[in-house]
Amino acid sequence: MIGILVYGPRSAMGPAGVVEATHSGLTEEQAPKYAFSKVLSQFAQPDAPSDACCHRWEENGHYGERGNIYVYDNPYNHQTQYFSAAKTGQYRYFPTNKTNNADWIYLGTDKETAKTNNESLMGYAQWGENDRKTSLRTTFIYSNPYNGRLELFTLKATGNDGRYWYFPTNKTDNANWKYEEEVAFK
């Protein structure tokens, strides 16, 4: 049994048996950002399909899974921006200037475009998977912490133990990797 306790005069709560944003004490603009969307909306329309696309910063104690999409209401430029978690684990703040960092890959400002961009990213391998063993000519995505860019590299050789080694950090090839290109989403 789940109960909802609401403080306030009965007249402000709306009709009995109706749970809506307009009866939460929040404006229509506030309701999606605050308590109504996270707590009460699950009771308002139990049969409504959920949009599993986008997570919020404060979810799961700042722990995310690689490839999960997060929405960020950027207070600096007043845009809604979408980011993909670059890795599984604890994450830090979103970049505020439409760039990437070690935790986040910038996907754009349109939700549907962000979903498409994220799907394309998930087609690439990521550092550390499979104990750093994979077949030659596998293309990897690299969120370069030295320049904030998202880069693609193709594996061309491994070490004596069959494992691959570090990516170059300056958009060049090395003994193990062929630099392909930079990936940027607007």
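Trainee: Okay, how much of this protein counts as buried?
Mentor: Of its 186 residues, 32% count as buried. Keep in mind that this is a predicted model.

Trainee: And what about the surface, how big is the exposed area?
Mentor: The protein exposes about 11,700 Å². Carbon and sulfur atoms supply 51% of that.

Trainee: What's the secondary structure made of?
Mentor: You'll find two helices and 10 strands. Going along the sequence, the pattern reads α-β-β-β-β-β-β-α-β-β-β-β.

Trainee: Let's look at that second helix, α2. Which of its residues are buried?
Mentor: Helix α2 runs over residues 111-121, and its buried residues are Ala114, Asn117, Asn118 and Leu121. They sit on the same side of α2, because they cover an arc of only 100 degrees around the axis.

Trainee: Why would residues a few places apart end up pointing the same way?
Mentor: An α-helix has 3.6 residues a turn, so residues three or four places apart point the same way.

Trainee: Got it. Which residues are exposed on the other side of α2?
Mentor: Thr116 and Glu119 are exposed there.

Trainee: What covers the buried ones?
Mentor: Several strands do, including β3 (69-74), β4 (79-85), β6 (104-108), β8 (139-143) and β9 (150-155).

Trainee: Anything to see at the start of α2?
Mentor: Yes, look at Asp110: one of its side-chain oxygens comes to within 3.3 Å of the backbone nitrogen of Glu112.

Trainee: Switching topic: which residues touch the most other members in the largest nonpolar core?
Mentor: That core has 14 residues, and the ones touching the most other members are Tyr82, Ile105, Leu107, Leu121, Leu150 and Phe185. As for where the core comes from, β3, β6, α2 and β9 each supply at least two of its residues.

Trainee: Pick one for me. What does Ile105 touch?
Mentor: Leaving out residues up to four places away in sequence, Ile105 touches Tyr82, Phe83, Ser84, Ala86, Asn100, Leu121 and Leu150. There's also a second, separate core of nine residues, with Phe140, Tyr142, Leu155 and Phe167 among them.

Trainee: Is there a general idea behind cores like these?
Mentor: In soluble globular proteins, nonpolar side chains tend to be buried together.

Trainee: Now β8. What's Ser143 doing there, and is it buried or exposed?
Mentor: Ser143 is found in strand β8. Its relative accessibility is 16%, so Ser143 counts as buried, the cut-off being under 20%. The side chain of Ser143 reaches the backbone oxygen of Asn101 at 2.9 Å.

Trainee: Who else does Ser143 touch?
Mentor: Not counting residues up to four places away in sequence, Ser143 touches Asn100, Asn101, Trp104, Arg149 and Leu150.

Trainee: How many disulfides are there?
Mentor: The structure holds one. This disulfide joins Cys53 to Cys54, with S to S at 2.3 Å. Cys53 is buried, with a relative accessible area of 10%, while Cys54 is partly exposed at 21%.

Trainee: Last thing: where is Arg137, and what's its phi?
Mentor: Arg137 is found in the loop between β7 and β8, and its phi is near 70 degrees, a positive value in a residue other than glycine. Arg137 is exposed, with a relative accessible area of 69%.

Trainee: Why point out a positive phi?
Mentor: Most residues other than glycine have a negative phi. Arg132, found in the loop between β7 (125-126) and β8, also has a positive phi, about 60 degrees, although it is not a glycine.

Terms used: Residues numbered from 1 in each chain as written. Predicted model: local features only at pLDDT ≥ 70, side-chain atom pairs only at ≥ 80, totals over all residues. Heavy atoms only, no water. Buried < 20%, exposed > 50% of the residue type's maximum accessible area, 1.4 Å probe, protein only. Helix = DSSP H or I, 4+ residues; strand = E, 2+ residues; numbered from the N terminus. Arc of directions from axis to C-beta. Contact = heavy atoms within 4.5 Å. Polar contact = N/O pair within 3.5 Å; in protein donor to acceptor, adjacent residues only side chain to side chain. Core = buried A, V, L, I, M, F, W, Y, C linked by side-chain atoms within 4.5 Å. Areas by Shrake-Rupley, 256 points an atom, 1.4 Å probe, with all protein chains shown as cover. Disulfide = S-S within 2.5 Å.
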